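This briefing goes through one protein model by topic, and it is meant to be read beside the sequence and the coordinates.

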Amino acid sequence: MPILRNAVGGKAKNFFLFRLMRLFAGFGAAVLLSGCFFTVTPERPAGDIPAAASGDPSWFQVTPGDDLSCLRVFLPPASFRRPVPAVVIFPGGAYAVLALEKEGCAYAEFLNRFGIAGIVVRYPLGSMFGHFSRHPKMVDTARRAVQLTRHYAPQLGIDPKRVGVMGSSAGGHLAGLCIVCGDAADPRGKDPVTRHSSRPDFAILCYPVVSMSDKCTHGRSRDNLLGSDPAPEVLKQLSLEESMPDNAPPVFLWTTAEDTTVDPENTRLLDRTLTRKKIPHRTIIFEKGPHGMGLLSASQREKYPETAKWPQEMIGFLRRQGLLGER
């Protein structure tokens, strides 16, 4: 590059290095979002749960030999009577990255305050951060995470009959697929993990992707999950409003009318299905607030005080369902 040697070479070189640093900074931020180098230091839970192949002691393998699909266990304080309920949590990110902190670990820590264990799942993605995985890799990982939670329930002090799922945005879609695609226990399974059901006992869906139809789907999530040319029957099967079973467990569902990322019509469609099938549920569409708020920051809580009440609404719903821990 001769320009780096002429009279303006110093400025050009500095500009080039600045652009290069920005490129790496952006890549690094995306990697952190994807969870590839997420670092935490919880106490290792009891029981022989295989550590993740990455060597990070905070994460445990979902499938042996798989360093891409991992889970992290958050247990409530010992003051809560064992066994406690548990929620398997799928962070959002359009099946491209994972908002592990905002829509994963923060949720788990919040649930711990009410005597509920939080199991945060790092699942395969349809981007470079997930080796360009496609369906059914994501749902297979999600179902196994539910089975693992039940399999290790005795060691973790978890009630295997009170294991729910929670997800935000695309993670909400994946949590919903656990209901749609959840399997019964296989008592004869060669793998002891598969002897436990992958069907959740309840679900919490936050501003979820619901439909795969062109009318209101989140296109980026659908493309990352299914590729660019999915079959019509697959789109129908993976649309929660189309495939929700009649015996679905209780569902808490919320979004905002101002969400311009995932059309709130997704939530309305699922609410209508749950109502028609007489499935116990609580749906709230708050008037104000953007997509992806999680538990809301301090400034968001001040700006959107009504929307900031959703965690308390969720806890009220879980309490009525008998799903809170007891001291």
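Which side chain meets that of E265 in a salt bridge? In this predicted model, the partner of E265 is R272, with an N to O distance of 2.7 Å. The points below begin with this pair and the other salt bridges, and then turn to a helix, the sheet and the cysteines.

**Salt bridges**

- A search of the whole structure finds 13 salt bridges, among them the one between E265 and R272.
- Both members of that pair count as partly exposed, since E265 has a relative accessible area of 23% and R272 has a relative accessibility of 43%.
- A salt bridge also forms between the side chains of E313 and R282, where N and O are 3.1 Å apart. Because E313 belongs to helix α11 (residues 310–320) and R282 to strand β8, this pair ties together parts that are 31 residues apart in sequence.
- E313 is partly exposed at a relative accessible area of 29%, and R282 is likewise classed as partly exposed, at 30% relative accessibility.
- D140, R143 and D183 are joined into one network by salt bridges that share partners.

**Helix α3 and its surroundings**

- Helix α3 covers residues 137–151, and its 15 residues reach 21 Å from the first C-alpha to the last, which is close to the 21 Å expected at 1.5 Å a residue.
- The helix is mostly covered, with 12 of its 15 residues buried; the buried residues include M138, V139, A142, A145, V146 and L148, and also the charged-network member R143.
- R144 of this helix meets D191 in a salt bridge between their side chains, with 2.9 Å from N to O. Since R144 lies in α3 whereas D191 lies in the loop between α5 (170–181) and β6 (203–206), the pair ties together parts that are 47 residues apart in sequence.
- The two partners differ in their class of accessibility: R144 is buried, with a relative accessible area of 15%, while D191 is partly exposed, with a relative accessible area of 28%.
- Q147 is another residue of helix α3, and because its relative accessible area is 10%, under the 20% cut-off, Q147 counts as buried.
- Leaving aside residues up to four places away in sequence, the contacts of Q147 are V193, T194, H196, S197 and S198.

**The sheet and strand β5**

- The model has an open sheet of 8 strands with mixed pairing, in which the order is β1-β2-β4-β3-β5-β6-β7-β8. The edges are taken by β1 (60–61) and β8 (281–286); each has a single partner strand, so one side of each is left without a neighbour in the sheet.
- Strand β8, at one of these edges, is also the strand that carries R282 of the salt bridge with E313.
- Strand β3 (residues 84–90) and strand β5 (residues 158–168) run parallel and are joined by 6 bridges. Within this pairing, A86 has V163 of β5 as its bridge partner, and F90 stands opposite G167 of β5.
- β5 also pairs with β6 in the parallel sense, over 4 bridges, and here M166 stands opposite I204 of β6.
- Of the 11 residues of β5, 9 are buried, so this strand is largely enclosed by the rest of the structure.
- Together with α5 and β6, strand β5 makes a right-handed β-α-β unit. The loop between α5 and β6 is where D191, the salt-bridge partner of R144, is found.

**Cysteines**

- How many disulfides does a search of the whole structure find? The search finds 0 disulfides.
- C181 is in no disulfide, and the nearest cysteine sulfur, which belongs to C178, is 8.2 Å away. That distance lies outside the 2.5 Å within which two cysteine sulfur atoms would be called a disulfide.
- C181 is buried, with a relative accessible area of 14%, and C105 also counts as buried, at 1% relative accessibility.

Methods: Residues are numbered from 1 along each chain as its sequence is written. This is a predicted model: local features need pLDDT of at least 70, side-chain atom pairs count only at pLDDT 80 or more; totals for chains, interfaces and linings use all residues. Side-chain values use heavy atoms; hydrogens and water are left out. Two strands pair if DSSP finds at least two bridges between them. Helices (H or I, at least four residues) and strands (E, at least two) are DSSP runs, numbered from the N terminus. The expected span of a helix is 1.5 Å times one less than its number of residues. Buried means under 20% relative accessible area, exposed over 50%, partly exposed in between (1.4 Å probe, protein chains only). Contact means heavy atoms within 4.5 Å. A salt bridge is a side-chain nitrogen of Lys or Arg within 4 Å of a carboxyl oxygen of Asp or Glu. A crossover is right-handed if, with the strands pointing away from the viewer, the path from the first strand over the helix to the second runs clockwise.
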